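Student: Please pick a single part of this structure and take me through it closely, then show me how the surroundings compare. I would like one connected account rather than a list.

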Amino acid sequence: MADLKDAIKEKSMNLQKEMLAKQFHDLSQANETGKKVVYTFVPGNLTELILSFDMLPVYPEINALQSGMRKKSADYIKDAEKMGFSEDVCTYVKCDIGMMLNGNIGPTGEKLPSPDLLLLSYTGCFTFMKWFENLERLYPGVPVAMLHTPYQEEGKIAQEQVDYMVKQLKEEVIPKMEQVSGKKFDPQRLSGMLENSARAEDLLVKVLESAKNVPTPIDAYFAGVYYIGPIFTAFRGTAEAVNYYHELWEEVQERMRRGLGPVTPEGELKEQKYRLVMEGPPNWTNFREFWKIFYDMGAVIVASSYTKVGGVYDLGFRHDPKEPLESLSRYCMGCYTNMNLPQRVGLLEKYVKEYKADGFLINSIKSCNSFSAGQLMIMREIEQRSGVPVGFLESDLVDPRYFSYANIKNRLESYFQMLEQRKIILRQEGVIA
Amino acid sequence: MDRLTEIVKKAETLAFDLHFTAARAWKQSGDHRVLVGYLPIYVPREIIHASNGLPVGIMGAGDRKQIIKGDAYYQSYICHLPRGIIEMALDDNLNDMDGFLFPAICDCIRNLSGMFKLSSKGKFQRYFDYPQNFDPAIGGIFYRQEMEKILADIRAINGQEANVEKLNHAIGLYNRNRELIEMIYSIRQEYPWRLSGLDTYYILRAGITIPVEEHNAMLEEVVDLIGEERGEPMDNIRVVITGSFCEQPPTGLIKSIEMAGCYIVDDDFMLGSRWIQGKINNTSKDPLEALCDAYLNQSTFSSAYYDVGNPKGKRLVELVKSRNADGVIFSAASFCDPALLDRPLMQKECDDSGIPHINFQYHENTGQFKVIKEQAGTFSDSIKLWV
Ligand code: SF4
């Protein structure tokens, strides 16, 4: 196991910590303040719509990953398995159900309120449907609003798919939100929020694309999920989110001016030996150790797919205040896990080229078929198309039984040796300096 | 060999012919014929039939093919079915298929559609999305559009138009098919010893490899034959098997359950062929609408179908009662998220209704059944003792 000292933090990290702490505090007070609570998922989330009804969103995946980081997930998973859930199935689901069985205590130690509405944004992951069918039985009487997001089967979003989603929003989702919140849908308010979303999205893309710089000022995977992305989902549509991304973008620009590398919990990554593109979710139970292996080897992730499950904004999508429901629909359908495999391969290939990556890595997650099924083929395609060395790791989201530090470290060491060899050859051939 | 044994033998051969000889022969014996391979669970086969196509069920390689290349495409924690299908695709077993349909039952099958796209297998590779909204004006329209895409895919290959008459004709044929299958299950409910669960499985599975007309003829004969007394009743318990709708259990597993003293009075092995409950209107001026109505209102319970408002656990309990079964065997493929995530809820419903149950996990190529046989035997004994 790695030896970990106190984590080094940037101003934006502290800001996000405060924002999240306030969010969880507001949630813990929801019963007193009378705010209604909506459980929903990150991919295809309708945060602005929820906020426009003055309701508070809760994201069970985020709770699960937080439980993983706080070393609570192992017990939660065991409790869910005792209830009859198989060892084979998604550990986010088991962790969430285990957390609920243990009093639903959130990441800040405060109790999370029960849902007033289960908003099943069924986007890019089959398990979401099963997850909420289970929650519906565990919270009897709580209404469920189903929003079925059609898959980008043809590699594009068709108008009839948009129409299907808009109809569901109008006939199923919004009426249930009105009923639960006791408020009328206010399209103008929603549009105002979408304006904020688009502003934050512009800034987020700038931050993510700063990794095209050599050296990169950010890590687009570990830092991407640790402090760049989370604010985005829970606060999108608010002025705070816009402020946060302004702050972050300032910080990133400053790093670029000074030629600084990414901040990591171990300090600044000074020597960037390897630039990588990463596919797949991270492991959360040993997140910092996992990150540290890369840090120790001078490797930085310049682009990743997991940071796109909440939206692939770098492909140009922005929420559009002029067409609020259409743009929410297009947003849902555009999320990474709702893209078909050829689209995913195309995106990853583009990342390898545009971010001048030396290699492509997959962290394959036992729990997650939406990502994992087909990844070995994705790997071959990227290898063939881009010619960079590819690597394959295996772990899990929040089940510590499937994170083997020694195994992952060994595999990565061999992989980095391979990258080093390739660099030597490319240097000898005069391809790189 | 008596006639029923002959039929069962033929059905077994057809069911496990991974070269789809009968389907290929059908294609060669006429013009503009297409073969459309579909994966579990359900597709409206009627529209393929009406387009001069033969829908061919691809249920995986089972234990009839050694998987070597397929394993290189899948991690150990993914179910077995897709690796068998990739093996078949790489070994040219599927070369005569003109197109493929991947129904929306899970992320594995969904991503497999992308793998077929990446390798350009067949002239089309279509993910067939089931609407999870059941309002005819919303989900119904979406479903219709999904069907229209398939019709267009086939039309682009053979130029055949599925008109009202052809669609209604196909609907009538598949109505009869489902009716005959249900007749077999009804007879077996009363007299399960007349046709074993395994033989029933062969007969149903054969049906997804041949034209429906031929399958109907086979089923008619079977219904006649098992209408007469045959075999000997045994002191067995009666079970419903659930959770095996996609990756199919190895036949050894079905045999072991039966040998352990269980009559399988219902199951979801070939759920796609039994998906629609009852008849679909075959006299409509708008047969696609009739098919939409059937999907929205007559679908059976399934892990692929959003069930809030009509929970599948309750429907399972109703099935157990209507089949007069003594218990339930939850039998799912390892790593099958849809089946395994539904299991706790369904088990709870069984508990609440006092229905005993056990569960197994398997791979389609599992070869050892000793433990399963023992467990099923103990289950059977305990029910005989206490019920
Ligand atoms: S066996 Fe289950 S997980 Fe595997 S492809 Fe079928 S439905 Fe999906």
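Tutor: Happy to! Let's start just past the end of helix α13 of chain A, where A:Gly298 follows with a positive phi, near 70 degrees. Please keep in mind that this is a predicted model. The helix itself spans residues 287-296 of chain A. It is largely enclosed by the rest of the structure, because 8 of its 10 residues are buried. Those buried residues include charged side chains, A:Arg288, A:Glu289 and A:Lys292. The aromatic residues A:Phe287, A:Phe290, A:Trp291 and A:Phe294 are buried as well, as is A:Ile293.

A:Trp291 deserves a closer look. Its relative accessibility is 3%, so it counts as buried, the cut-off being under 20%. Over all chains, the structure holds 48 aromatic pairs. In one of them, A:Trp291 meets A:Tyr226 edge-to-face, with 5.9 Å from centre to centre and 80 degrees between the planes. This pair ties together distant parts of the chain, since A:Tyr226 belongs to helix α10 (residues 222-228) of chain A and lies 65 residues from A:Trp291 in α13(A). The partner is less hidden: A:Tyr226 has 22% relative accessibility and therefore counts as partly exposed.

Another kind of ring contact appears in both chains. In chain A, A:Arg236 lies over the face of A:Tyr331, 4.6 Å from the ring centre. In chain B, the charged end of B:Arg64 sits over the ring of B:Phe16 at 3.7 Å from its centre.

From helices we can turn to strands. Strand β4 of chain A (residues 144-148) has 5 of its 5 residues buried, so the rest of the structure largely encloses it. Both of its faces are covered, with A:Val144, A:Met146 and A:His148 buried on one side and A:Ala145 and A:Leu147 buried on the other. That division fits a general pattern: in a regular strand, side chains alternate between the two faces of the sheet. Strand β3 of chain A (residues 117-122) runs parallel to β4(A) and is joined to it by 5 bridges. Across this pairing, A:Leu120 stands opposite A:Met146. Between the two strands the chain passes through helix α7 (residues 127-138) of chain A, in a right-handed β-α-β crossover.

Chain B offers a useful counterpart in strand β8 (residues 357-362), which has a covered face made of B:Ile358, B:Phe360 and B:Tyr362 and an uncovered one made of B:His357, B:Asn359 and B:Gln361. Strand β7 (residues 327-333) of chain B pairs with β8(B) in the parallel sense over 6 bridges, and B:Val328 stands opposite B:His357. The route from β7(B) to β8(B) goes through α13(B), and this β-α-β crossover is right-handed.

That helix also leads us to the ligand. Among the residues surrounding the ligand are B:Cys79, B:Cys106, B:Cys108, B:Cys246, B:Cys336 and B:Asp337. Helices α5 (107-118) and α13 (337-352) of chain B are the elements that give two or more residues to this shell. By class, the shell has 10 nonpolar, no polar and 2 charged residues.

We can finish in the loop between α13 and β8 of chain B, where B:Ser353 is placed. At 32% relative accessibility, B:Ser353 counts as partly exposed. From B:Cys106, B:Ser353 is 247 residues away in sequence and 29 Å away in space, C-alpha to C-alpha.

Technical notes
Residues are numbered from 1 along each chain as its sequence is written. Chains are lettered from A and ligands numbered from 1 in the order in which they are written. Side-chain values use heavy atoms; hydrogens and water are left out. Buried means under 20% relative accessible area, exposed over 50%, partly exposed in between (1.4 Å probe, protein chains only). Helices (H or I, at least four residues) and strands (E, at least two) are DSSP runs, numbered from the N terminus. Two strands pair if DSSP finds at least two bridges between them. A crossover is right-handed if, with the strands pointing away from the viewer, the path from the first strand over the helix to the second runs clockwise. Rings of Phe, Tyr and Trp (its six-membered ring) pair if their centres lie within 6.5 Å; planes under 30 degrees apart count as stacked, over 60 as edge-to-face and the rest as tilted. A charge sits over a ring if NZ of Lys or CZ of Arg is within 6 Å of the ring centre and within 35 degrees of the ring normal. A residue is near a molecule or strand if one of its heavy atoms lies within 4 Å of it.
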